[in-house]
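Got your viewer open? Load the model and follow along.

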2 protein chains.
Amino acid sequence: MQPPKGTRDLLPSDMRKLNYVLSIVESVFKRYGYEPIDTPVFEDWDVLSAKNAGGEELKKETYYFKDKSDRELGLRYDLTVPAARIVASDPSIAKPFKRYSIGKAWRYEQPQAGRYREFWQADVDCYGSELARADAEVIAIASDCLRELGLKEFRIRLNDRRVIERKVNKLGITNPLEVFRCLDKLEKIGEETVCKELKEKGVETGKIEKLMALVRSKPEEIDELEGLVKELKNFGIEKEVAIDFGMIRGFDYYTGPVFEITAGGLAIGGGGRYDRLIEAYGGKPTPAVGISLGISRIVDEMDKKKLFDIEDYPAKVFVCSVNVDMVKEAVKIVQRLRKSGISADFDLMGRNLSKQFDYINAKKIPFAVVVGPAEIKAKKFVLRDMKTGKEKKLGLETMIKELG
Amino acid sequence: MQPPKGTRDLLPSDMRKLNYVLSIVESVFKRYGYEPIDTPVFEDWDVLSAKNAGGEELKKETYYFKDKSDRELGLRYDLTVPAARIVASDPSIAKPFKRYSIGKAWRYEQPQAGRYREFWQADVDCYGSELARADAEVIAIASDCLRELGLKEFRIRLNDRRVIERKVNKLGITNPLEVFRCLDKLEKIGEETVCKELKEKGVETGKIEKLMALVRSKPEEIDELEGLVKELKNFGIEKEVAIDFGMIRGFDYYTGPVFEITAGGLAIGGGGRYDRLIEAYGGKPTPAVGISLGISRIVDEMDKKKLFDIEDYPAKVFVCSVNVDMVKEAVKIVQRLRKSGISADFDLMGRNLSKQFDYINAKKIPFAVVVGPAEIKAKKFVLRDMKTGKEKKLGLETMIKELG
């Protein structure tokens, strides 16, 4: 019995990697003054399918269902839309509202390397500020996260929906959002397929050629991005960011700068400004900008680069009992260690000493203590370093200090 | 626009409470040598609805849906079933396998105080040990978690499915699982309704009276629980646990001891032994025991008892700029503080100094620094403690030490 297609179970070694990444990312978010929120995994279908939300492509990929009262629901496809719903529904929230969300999202895509139907995301968004300073801050956060994780080879690309819209309008294209959704898939499906899709959307061949020239063109000075580039300088990260007309982002809700971070050939993060989404949910017009880190892909990429150097065992010390009568004593010692904050384990299987050591080795537990009648009597225990084989005879309190 | 009925958004203050509880619980789990796993939020319907899994009542409460390929799926109603599926599918996992899961589960119940359709759970389960020592350990973990959270007034009740089954069989009752599911609802819906439901299930009036006498009876010495009571003594928690025939637990998968923890009139945790579930998923017969903490209810109960004493602000320090020209300098300082691990914020709104202080007060940020031309020139900054009003003139490095 396997997990549903496109989803994964994370066993302890994988889960420790995920937890490590999440802990670093969360600590960076907090340092920047962002506050945690959590929303349900499913939303009313009206919210997910609203105009100016994710858009048609995403709607097609959304897990849709009805509850027992025929309420139409869907699993969230991102963490941006639920947060925007909250901001729209509660005007009492002080601005700027800088929030982070860490959780899963779901998209019914064709599973392939790096693409899962269930994946972890970590988002920061800033509501209430229209200043480019806020855009620069969320980019700085993403950059700090990746650097702190040790991922050095990533690139951040920047574009602006207003610039592209202006250029697309000049070409006389009347369905810019559809065109954006097509162009967004350039890296994923290649130029040929994108051109075919554009044709299907009714864009004429001459215009398609011009669009391709546009996305390949070397960006000139752009008025719309001047302010943001200045703020990126203030944050000291202007050199990390490159303007690229070929990077569009697929979501309908973007209204200004958009950014995307790639590593190992995949987008591991992306975001942008979406100043009209809160209105779309019935809220007061509220400027908004955010960035999302694709945590599942970041874990994969770090794994590929062997960047994980974390403890991967269930307990620091295993307290062995030489025979069944000694288990009672082992429990006392193990409980004493645990109460001192040391992760400790003992035999739950009724195994003999040799089998207990087999388990210690299988689980790579770094220290072992052996409890027998002589040790109990002397109140001294042998602490064995399983790696070096070195042993020390210690009283319980000294052992706690040694292991702590 | 609200979250779907029966679910909740957690805003920062609530989320910090949840995160605090989860961090304590997770640290206890780790100390006991349990390892993290994660599973998808949805499972194949076959898994959730398998014989010996949650049972009929739970199936009725499960969010069911089909994906775009007509695959039948359901949102998990607990964290036990997905973990059992993993253990069943991967016989290479070394035993004992002591795992924890922290995540959400979903049940379509009538929402009321303490009952949500989406809720957080934290589970420990031990696979591979048939010894009562493992049962005692998971009870000890739950007790440690609640004590460490400061929840003193909770009670742990213990029963054994084998004992109740034996007694129920003696009464000549032929549908014990159905009867258990009814009896489990005693505290929730009251004796009268339970008796009505038992009647509907075909249990005769005389037998119902005897069942009621049984669940109210003072437990005698019980052979089946003798071993567990001894192990509870070894763990030093025998006084915390009381045998109660009226506590049944509703899940079909239990096969031996069952336990439940209540506080403030609600079950905040529960578990037991389920030695046949792994087999039901096609795995090798594997003894299993676990306990689940109802995190959402624990947070509610702690809130009611005012047990939270945690930091509830977005940043420790806010770096104010006296005018727009100073923002550039404020960014540098704020980035320096953040790089030193201090949570710090600055103005993203283009506000004047007085408005910046309004925000500091609204968000209860404990320290403020004011940056103006004189401060930049002197390289000394005034650090204001917002609570006491005390101010200190400090260089940047000293300030970092002071705040760190």
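Here is a short tour, from the pair of chains down to one helix.

This is a predicted model, where local features need pLDDT of at least 70, side-chain atom pairs count only at pLDDT 80 or more, and totals for chains, interfaces and linings use all residues. Residues are numbered from 1 along each chain as its sequence is written, with chains lettered from A and ligands numbered from 1 in the order in which they are written.

Start with both chains. A turn of 180° and a shift of 0.0 Å along the axis lay chain A on chain B with an RMSD of 0.0 Å (least squares on the C-alpha atoms of residues with pLDDT of at least 70 in both). The two copies are thus related as by a two-fold rotation axis. To find that axis, select A:Phe65: of the residues of chain A, its C-alpha comes closest, at 2.7 Å.

Now show chain A alone. Colour by secondary structure for 16 helices and 16 strands (DSSP runs numbered from the N terminus: H or I of at least four residues, E of at least two). Along the principal axes, the C-alpha atoms fill a box of roughly 90 × 55 × 50 Å.

Next, select 295-304 in chain A, helix H12: 7 of its 10 residues are buried (20 or more other C-beta atoms within 10 Å of a residue's own, C-beta atoms being placed from the backbone). Among them are A:Ile295, A:Ile298 and A:Met302. What to add around the helix? The cover over its buried residues includes helix H1 (12-31) and strand E6 (118-127) of chain A.

Last stop: A:Lys306, just after H12(A), with a positive phi of about 55°.

Note on methods:
Buried ≥ 20, exposed ≤ 12 C-beta atoms within 10 Å, placed from the backbone. Contact = placed C-beta atoms within 7 Å.
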